[in-house]
Amino acid sequence: MPDKLLTVEEIKKLPIVFIVGIGRSGTSLLQTILDANPEVITANESPFVLFLKQKYSGVKNWNSEKLDEFVVDLYKDIRFALLWKINADDLRKILTSYSLAELDFPTICKLVYMSVSSPFSKDKTSLIVDKNPIYSFYISELIELFPTAKFIHIIRDYRDNVISAIKAFKVKNVALLAQSWKRHNSHIDNYKIKYPTRFFTLRYEDLVTLPEKFISELFSFLVIPYNNNMLDFYKTTRKIYTKELDNNDVMAGIVNKIHVNLLNPINTEQIDKWKKELSISETEVIDYITGDYAKKYNYFPSTKVVRLSYF
């Protein structure tokens with residue numbers, strides 16, 4: 001629930017950071033680690049800020065009717081309705097507890113974030129974190145809404161990313177998956193050139209190999225105190241998952257199918273799985289599509305064959 005000590009002006013100044021990168025790159029792992037910090041608020045995927053931006057970002061004078069309309073539209077997103085676990089009536093009470101004359105769309109969005117309950121104990125709210133792979137293509141819109149926003153770009157070896165996507169989403173077209181990897185990350189890179197101080201780049205392999213080092217560096221970027229206990233997040237997620245098995249089939253299914261690694265300590269077991277699970281021809285196609293781009297992140301191709309059929 002929102003910190004009652006925060007005024008509207010303090011909420012407007014509250015920092016927000018967006019995790020960007022293609023899915024299956026460790027975005028959920030990073031989000032969970034951040035959520036384990038007692039000063040950080042995170043939430044499940046729902047890009048409601050983008051869905052509702054066009055309709056509500058231009059509203060200058062909020063009233064109770066417009067606020068009710070906003071709440072109704074908010075719950076039309078099935079992911080928000082099922083996964084965020086915020087009671088609509090409670091949310092209305094929170095929003096109306098503030099002077100409507102002082103509210104604007106970005107501030108209301110922050111209040112929605114702050115209404116999320118977390119399995120991790122919280123001392124205060126010093127940072128809001130929102131994670132969604134689709135944000136990779138809407139960075140300018142997010143900066144328009146939150147001019148001081150920061151971004152964490154997490155990137156993973158393109159071959160392991162392809163393997164993970166095949167398993168999670170049952171997409172077997174490796175060429176399509178490789179192109180998507182390149183498109184997501186290169187699009188983010190365009191904004192890193194434009195806003196270099198706004199971005200922190202983190203390789204998945206570095207995160208799981210030296211978690212203390214790189215998470216500590218990340219929190220220096222976020223200007224939030226680092227807490228070693230964050231790396232023990234799995235102790236809490238295991239307890240929550242056990243409860244969800246009986247109370248929330250949707251959430252339990254998502255974890256079991258896609259995010260089962262969030263129940264375990266950070267490990268390097270997912271690195272280089274492609275070496276055993278991709279065929280030589282699949283690797284050749286992926287290497288060709290990613291080209292020289294992957295080399296800038298120290299992901300080097302293992303094949304050099306170029307065939308006309310790839311075009």
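**A note on K131 and helix α9**

1. A good place to start is K131, which touches I19, T27, S28, Q31 and E45, leaving aside residues up to four places away in sequence; contact here means heavy atoms within 4.5 Å. Please keep in mind that this is a predicted model, where local features need pLDDT of at least 70, side-chain atom pairs count only at pLDDT 80 or more, and totals for chains, interfaces and linings use all residues. Residues are numbered from 1 along each chain as its sequence is written, and side-chain values use heavy atoms, with hydrogens and water left out.

2. K131 belongs to strand β3, residues 127–131. Strands (E, at least two residues) and helices (H or I, at least four) are DSSP runs, numbered from the N terminus. K131 counts as buried because its relative accessibility is 2%; buried means under 20% relative accessible area, with a 1.4 Å probe and protein chains only.

3. Two of the neighbours also meet K131 through polar contacts, side chain to side chain: E45 at 2.5 Å and S28 at 2.9 Å. A polar contact is a pair of N or O atoms within 3.5 Å; within protein, one must be able to donate a hydrogen and the other to accept it, and residues adjacent in sequence count only if both atoms are side-chain atoms.

4. Now to helix α9, residues 158–169. Nine of its 12 residues are buried, among them Y158, R159 and D160.

5. Look at the ends of α9 too. D157 caps the N-terminal end, with a side-chain oxygen 2.8 Å from the backbone nitrogen of R159. Just after the helix, K170 takes a positive phi of about 60°.

Note on methods
Buried < 20%, exposed > 50% of the residue type's maximum accessible area, 1.4 Å probe, protein only. Expected span 1.5 Å × (residues − 1).
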